[in-house]
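Visitor: I've never read a protein structure before. Could you walk me through one, feature by feature?

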Amino acid sequence: MLAAELRLHDVRVLVLEQETEPASFIRIVGLHIRSIELLAMRGLLERVRERGRQRPAAGFFAAINKPAPEGPDSPYAYLLGIPQPVIVQLLEDHALELGAQVRHGAAVAGLAQDDDGVTVELADGERLRARYLVGCDGARSTVRKLLGVGFPGEPSRTETLMGEMEVGVPPEEIAAKAAELRGIQARFWLRPFGGGVYSVVVPAPGVSDRAVPPTLEDFRHGLRAIAGTDFGVHSPRWLSRFGDATRLADRYRVGRVLLAGDAAHIHPPIGGQGLNLGVQDAFNLGWKLAAQIRGWAPETLLDTYQAERRPVAADVLDNTRAQMELLSTEPGPQAVRRLLTELMDFDVVNRHLLEKITGTGIRYDFGPGPDLLGRRLPDVDLEQGNLYGLLHRGRGLLLDRTGRLTVGGWSDRVDHLGDPAAALEVPCLLLRPDGHVAWIGDDQHDLDDHLSRWFGEPHRAR
C-alpha cells in the first residue's frame, strides 16, 4: 500500500520482500470500515470486494454480540473478509501497475544512513542506496532493531490457538456446544466457512515460542479441555498461535528511516485491528513522504506522521488490553463484561466502541475548530460523482460551495471542485490526500495559510 501511495506522486520505490513465495496457508483477514473507505479512495474497492465476503459490522468489541448501530455514516459499513494471500497479491498488483518494483527473496541484514540517504545491505551482501527507508517488516522488525528503537510494553501472558480445519461432527452438535459455552469462555469458537471447514479458536495451556507452529493434536487437546470433545477436527488448512503481547515503538522515525505497521506496534488480534492499523499507517505516511522527496513538503510535515499515528496505535493497544481482560473467565472481568454488555444497549456506547474498532472515530489534532476538523469525511454523493472517486490520484481536494475560492499556486497538488452540491453543513473544506479534513471556512487568506501548512509553498508562474 505504501509503495502504491508513493508511486501516485511519481516517486521511485523498491519493495524488498524476504519471502520468495506467497504464504501457503489461507488465513481470512478482515477489512474494517475505514480501510474499505481508503480502498474506495484509490479505486481499489471493486477488485477487492469481488474477492471477499461481506458481513455485518458488529460483534467486534471483546466478541460481545450486539447488532451494529443504526444509521452509520458510511456506505461501506460492513466487514470485508478476504483471504490474506489474495489481498497481498491485489495490493502488490496495484503497486506494480503504478510502476513500483518488488523484489522477492530480498532480506535486509544491515543499514546505515547519512545526511543524503540510506545504504541498505541485503542478506546476500548486495548494497542498495535510497533517499529514505521504511521498515514495514512486522513484529520482529529487523529495521527497528538495527535502528535501536525501543519497543516497550508487556510480553504475552496468555496464548490462543487459531486455525481453519474440517470437523467430523454435525453442525447441530457444534452449535449446541458453542451456545452452552457462550458467555463462559469467550476465547473459544468454531465458526463455519462452508464446505465443512471451520475457523477454530481455543485457549492454549501456556505460552510457547510463537515461531513454532502448533499441531493439530494441540488443537484437539485444547478443545477437549474446554468443550469435552475435539469435534473430530482434521485436515487443517493452516494453524497458528497468538499471544497478548502489547508493545509500541518509542519512535516512528530516526532520520531517514521510518517504521510502519507491526514494526511500530503489536497487540492481540482481538477485534481484528492489526492489518487495518498498518494499512492506515501507510495511507497517512505515503503522501507526506512523497512530498518530502518531491521537495514541496513543509518543514514539519513528515514529523506529523508520528504525531498523528502513534496516538492512534496507543489507543488500539489500550482497547485490545481492555478486550483481553474482558475475555478472562475470572469473576471480576466477567462482571465487568456483563456490565459493558448492558451498556452497549445504549446506541451512543455501541457506536463509540464500533468507531474505535473500525477506525472511523479517529480525529487528528489540527488545532481548535469545528468537530469535523481533523476527522475523515465520509463518502458523499456529488453531481460530479461520489466524493471518494475524486481522490483516486492521491491529491488534496478543495470542496468550495461559495464558488469564490481558488487553490491558485497549489493546483499541481490540490484539486478544486466548485459548487459540489454536496450535503455539507459548512461552506468550504479542504481535504488532505488521506481524506481527513484539514480546513473549514470561506476566507481565501485563511485557506492560503492552510494550503501552505499542508502542501508547502505555492508554485509560482514564470
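Guide: Sure! Let's begin with a word we'll need a lot: a residue counts as buried when its relative accessible area is under 20%. Keep in mind that this is a predicted model.

Visitor: Okay, let me try that on Val312. Is Val312 buried or exposed?

Guide: Val312 has a relative accessible area of 12%, so Val312 is buried. You'll find Val312 in helix α9, which covers residues 303-326.

Visitor: And which residues is Val312 in contact with, leaving aside its neighbours within four places in sequence?

Guide: Those partners are Leu277, Ile362 and Tyr364. For a distance along the chain versus a distance in space, take Val312 and Leu45: they are 267 residues apart in the chain, and their C-alpha atoms are separated by 24 Å.

Visitor: Let's go to helices. How do I read one of those?

Guide: An α-helix has 3.6 residues a turn, so residues three or four places apart point the same way. Now look at α4, residues 84-97. With 14 residues, α4 reaches 20 Å from its first C-alpha to its last, close to the 20 Å expected at 1.5 Å a residue.

Visitor: Which residues of α4 are buried?

Guide: Pro85, Val86, Ile87, Leu90, Leu91, Glu92, His94 and Ala95. They pack against three helices you can pick out by their ranges, α1 (2-7), α2 (33-41) and α3 (45-49), and against the strands β2 (28-31), β4 (78-83) and β5 (101-104). After α4 comes Gly99, with a positive phi near 105 degrees.

Visitor: You mentioned α2. How many of the residues of α2 are buried?

Guide: Nine of its nine, so to speak a helix that is mostly covered. Among them are Ile33, Arg34, Glu37 and Met41. The cover over α2 includes β2, α3, β4, α4, α8 and α11 (347-358). Just after α2, Gly43 has a positive phi of about 75 degrees.

Visitor: α8 is in that list. How do I describe two helices that touch?

Guide: Two packed helices are described by the angle between their axes and the distance between the axes. For α2 and α8, the angle is about 40 degrees and the axes are 9 Å apart. That makes α2 and α8 oblique to each other, and α2 passes α8 in a left-handed crossing. On the α2 side, Arg34, Ser35, Leu38 and Met41 make the contact, while α8 brings Asn276, Gln280 and Phe283.

Visitor: What about a nonpolar core?

Guide: Think of a set of buried nonpolar residues joined through side-chain atoms within 4.5 Å. The largest one here has 99 residues, and Leu429, Leu430 and Phe455 touch the most other members. Helix α8 (residues 274-294) gives the most to this core, nine residues. There's also a second, separate core of 18 residues, including Met165 and Leu190.

Visitor: What does Leu430 touch, not counting residues up to four places away in sequence?

Guide: Quite a list, including Leu397, Val414, Trp439, His450 and Phe455.

Visitor: One last thing. Where can I see a positive phi in a residue other than glycine?

Guide: Try Ala62, with phi near 55 degrees. Ala62 lies in the loop between β3 (53-56) and β4. Ala63 is in that loop too, and its phi is also positive, near 55 degrees.

Visitor: Are Ala62 and Ala63 buried or partly exposed?

Guide: Ala62 is buried, at 0% relative accessible area, whereas Ala63 is partly exposed, at 25%.

Terms used
Residues are numbered from 1 along each chain as its sequence is written. This is a predicted model: local features need pLDDT of at least 70, side-chain atom pairs count only at pLDDT 80 or more; totals for chains, interfaces and linings use all residues. Side-chain values use heavy atoms; hydrogens and water are left out. Buried means under 20% relative accessible area, exposed over 50%, partly exposed in between (1.4 Å probe, protein chains only). Helices (H or I, at least four residues) and strands (E, at least two) are DSSP runs, numbered from the N terminus. Contact means heavy atoms within 4.5 Å. The expected span of a helix is 1.5 Å times one less than its number of residues. Axes are lines fitted to C-alpha atoms, for helices over the stretch in contact, and angles run from 0 to 180 degrees between N-to-C directions. Angles under 35 degrees count as roughly parallel, over 145 as roughly antiparallel, 65 to 115 as roughly perpendicular and the rest as oblique. A crossing is left-handed if the near helix is turned anticlockwise from the far one by less than a right angle, and right-handed if clockwise.
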